[in-house]
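The following exercises concern aromatic rings and their surroundings. Please examine the sequence and the structure before working through each solution.

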Amino acid sequence: MNKITRIVAALLLVAAVPTLASCGKSTSTSSTQTGKYKYGKLEIEALGGGVCGAPAYIAKEKGFFAKEGFDVTLVSGTFEDQKTGLASGKFTVTNGDFQFFPSVQQGLDIKVIGGLHKGCIKLVVPPNSPIKTAKDLKGKKIGVDEIGGTPMAITSVVLANHNIDPTKGVKWVPYPLDQLTKAVDKGDVDAFAAWDPFATLAEKNNNYRVVTDIAQDPLFKGKSCCFLYASNKEIKNNPEKIAALVRAYKAADEWISKHPEETAKIELDKKYISGGDLKLITELIKSYDFEYTTDAAKDDVKYFVGQLNKTGFLKKNTDPTKFTNDVYYDALGSSKNK
C-alpha cells in the first residue's frame with residue numbers, strides 16, 4: 001500500500017510540474033518586474049481629467065517612470081488628498097498651481113521642484129450672460145471643481161486684480177467638472193473656471209464666452225500654470241529619487257512637445273480625459289508649451305506669491321523673495337538656488 005501511495009504521489013508530482021513551472025514563471029516575471037524598479041512602487045495623484053495632466057500620463061505610458069526606476073500607479077483624488085498624501089508620505093510628488101502656497105505657510109513641508117507647462121484653465125460664462133469682464137463678477141456665484149483647487153486660485157488672482165475680494169466678494173460653488181455647464185443651466189452658478197477640455201468644450205459646443213484664458217491673459221501668459229511639488233522629507237532622505245522623478249517628467253515634457261497629436265490620442269484612447277476630439281485636444285496640447293523649467297519656474301513662484309498677496313490667502317506682507325528661496329528646490333542642480 002505504501003508503494004502504491006508513493007507511485008500515485010510521484011505521478012501527481014509529475015502532472016503538477018507544468019503548472020508549477022507556469023506559476024513559477026509568473027512569479028519570476030513579477031519578481032523581475034519589481035526587481036528592475038530601483039525605487040519600487042509609487043502612487044502619484046494625477047487622474048484629474050485635465051488635458052494638462054499629460055506629463056504624468058506620458059511618463060507612465062511611454063516608460064519614462066519605469067526607465068528611472070519607478071513602478072507608478074496613477075490615482076485620482078482631491079486637493080485635500082494631495083496635501084494629506086504629501087504630509088503622510090503616501091505621495092512623493094504631485095503637480096499643482098500656486099494653490100499650495102498658503103498650505104506651505106500653514107506648515108505643509110513641500111518644495112516646488114520645477115514647472116511643467118503653461119496655461120490650461122479658462123473662466124467662462126454662458127452666451128447670454130450680463131457678465132462681460134472680470135469686474136462684473138462681483139457678487140456672483142462661481143463654479144469650480146473644488147474649494148481651494150487650481151481653478152479657484154487662478155480666478156482669485158483675476159478677481160483681486162479687479163478690486164474684488166475673492167473671500168467675500170463672490171460665492172464659490174463646488175461642482176464636478178463634467179457638470180459645470182449643467183450648474184449654469186440650473187442657475188446654481190453664474191460662471192465657472194475649469195481645466196481644459198471642460199471650459200473649452202463649453203466654449204466650442206455651447207457658445208460660452210471666455211472671461212479669462214490664462215494662456216492669453218497678461219496676468220498669467222508665459223508663466224507656469226502647473227508646478228511639480230515634492231515632499232521635503234523625501235528630498236532630504238533621498239534626493240536621488242527626487243532627481244530621478246524630475247528626469248522622468250522632463251523626458252515626458254520633451255516627448256509631448258514633439259508628439260502633440262500622439263499625446264492627444266493616448267489621452268483619449270486611454271480615457272485619461274473624458275471629452276473632446278483628437279483635433280481639439282491636439283490644439284490644446286500645442287498651446288500649453290510643455291517644457292520642464294527650473295530657473296524660470298522659480299521666477300514664476302516669486303511672481304505668483306506677489307499676486308497671491310493681493311488675494312488675502314497668504315500671510316500679510318509675505319516677502320516673495322524669501323518665500324521663493326524657502327520653497328524652491330532644484331533637484332537637478334541647474335540652479336544655485338540663490
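The model is predicted.

**Exercise 1.** Determine whether F65 and Y249 are buried or exposed, and classify the geometry of their pair.

*Solution.* Begin with accessibility: F65 and Y249 are both buried. Next, consider the rings. Their centres lie 5.5 Å apart and their planes meet at 75°. An angle over 60 degrees counts as edge-to-face, and the F65–Y249 pair is accordingly edge-to-face. Finally, locate the partners in the chain: F65 belongs to helix α3 (residues 64–67) and Y249 to helix α10 (residues 239–258). The pair thus links distant parts of the chain, 184 residues apart.

**Exercise 2.** Classify the pair formed by F79 and F100, and state which parts of the chain the pair ties together.

*Solution.* The centre-to-centre distance is 4.9 Å and the angle between the planes is 75°, an edge-to-face arrangement. F79 lies in helix α4 (residues 79–88), whereas F100 lies in the loop between β3 (93–96) and α5 (101–105), so the pair ties together parts 21 residues apart in sequence. For burial, the criterion is under 20% relative accessible area. F79 has 4% relative accessibility and therefore counts as buried; F100, at 0%, also counts as buried.

**Exercise 3.** Identify the aromatic cluster that contains F79 and F100, and find which ring the charged end of K223 sits over.

*Solution.* The cluster consists of F79, F98, F100, F101, F220, F227, Y229, Y303, F304 and F323. One of its members, Y303, has the charged end of K223 over its ring, 4.4 Å from the ring centre. For the structure as a whole, the count is 14 aromatic pairs.

Key. Residues numbered from 1 in each chain as written. Predicted model: local features only at pLDDT ≥ 70, side-chain atom pairs only at ≥ 80, totals over all residues. Heavy atoms only, no water. Phe/Tyr/Trp six-rings, centres within 6.5 Å; stacked < 30°, edge-to-face > 60°. Helix = DSSP H or I, 4+ residues; strand = E, 2+ residues; numbered from the N terminus. Buried < 20%, exposed > 50% of the residue type's maximum accessible area, 1.4 Å probe, protein only. Lys NZ or Arg CZ within 6 Å of the ring centre and 35° of its normal.
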